[in-house]
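Visitor: I would like a close look at one small part of this protein, down to single residues and their surroundings. Could you walk me through it, and then widen the view a little?

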Amino acid sequence: MTALPLAQTLHRHSHADHAGTVTLSYDDRFLRRKRLIMDSGEAFVVDLEKTTSLDQGDALELADGRLIKVKAAVEEVLVVTGENLPRLAWHIGNRHTPCQIEAERLLIQRDPVIKHMLEHLGATILDADEPFTPEGGAYGHGRTHSHDHGNSAHDHDHGHSHDHSHAH
């Protein structure tokens, strides 16, 4: 049995030459230890010190020195446009929904509850299939975790404390 190549080092926004690529969804780019398969079909194991959010353009360094570039996979998203894009972005952020912010549009993962809310606020929503690369956390890195908006009341535990109220 042959051991798989091991990646324990992450290079942020690498511009070096890459020996290969790995294409991952937004959810799959949040990992600590996982077996991944390069776009070429070669498998390798990621074993990072802590759970990390990988960004498009980052590179994982294999033990032999090869760099594997991280690419964002095409996913089902909602394209949000409207007259008051900053207001729409605020409502998305208030629900802790990961959001890709662009000059003329916002992209979020498909969510019928958020879609309905945004339509009610006057947004135009289109379904699309595109790479999803949302903004990082409050300091430009990390993850924004969305709420569960099922039919239950809005009683939930975020796993972290908040100094602000939520009006949903």
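Guide: Gladly! Let us start with His11, which, beyond the neighbours within four places in sequence, is in contact with Asp58, Ala59, Glu61 and Leu67. Please keep in mind that this is a predicted model. One of those partners stands out in the detail we have: the side chains of His11 and Glu61 make a polar contact at 2.6 Å. Another, Leu67, is 56 residues away from His11 along the chain, yet the two C-alpha atoms are separated by 8.8 Å. His11 itself belongs to strand S1, which covers residues 6–11. Its relative accessible area is 31%, and because the buried class ends under 20% and the exposed class begins over 50%, His11 counts as partly exposed.

From here we can move to Thr52, which sits in strand S4 (residues 43–53). With a relative accessible area of 12%, Thr52 falls under the 20% limit and is therefore buried. Setting aside neighbours within four places in sequence, Thr52 touches Leu10, Arg12, Arg29, Phe30 and Leu31. A polar atom of the Thr52 side chain also lies 2.8 Å from the backbone oxygen of Lys50.

Phe30, one of the contacts of Thr52, leads us to the neighbouring topic of strand pairing. Strand S3 (residues 30–37) runs antiparallel to S4, and 7 bridges join the two. Within this pair, Phe30 stands opposite Ser53 of S4. S3 and S4 form a hairpin with 5 residues between them, and in the turn Gly41 has a positive phi of about 105 degrees.

Finally, let us visit helix H2, residues 112–120, where Ile114, Met117 and Leu118 are buried. These three cover an arc of only 95 degrees around the axis, which means that they lie on the same side of H2. What covers the buried residues includes strands S7 (74–81), S9 (106–109) and S10 (124–131), together with helix H1 (85–94). On the face turned away from the buried side you will find the exposed residues Pro112, His116 and His120. Both ends of H2 deserve a glance too. At the start, a side-chain oxygen of Asp111 comes to within 2.9 Å of the backbone nitrogen of Val113. Just after the helix, Gly122 takes a positive phi of about 95 degrees.

Conventions
Residues are numbered from 1 along each chain as its sequence is written. This is a predicted model: local features need pLDDT of at least 70, side-chain atom pairs count only at pLDDT 80 or more; totals for chains, interfaces and linings use all residues. Side-chain values use heavy atoms; hydrogens and water are left out. Buried means under 20% relative accessible area, exposed over 50%, partly exposed in between (1.4 Å probe, protein chains only). Helices (H or I, at least four residues) and strands (E, at least two) are DSSP runs, numbered from the N terminus. The arc is that of the directions from the helix axis to the C-beta atoms. Contact means heavy atoms within 4.5 Å. A polar contact is a pair of N or O atoms within 3.5 Å; within protein, one must be able to donate a hydrogen and the other to accept it, and residues adjacent in sequence count only if both atoms are side-chain atoms. Two strands pair if DSSP finds at least two bridges between them.
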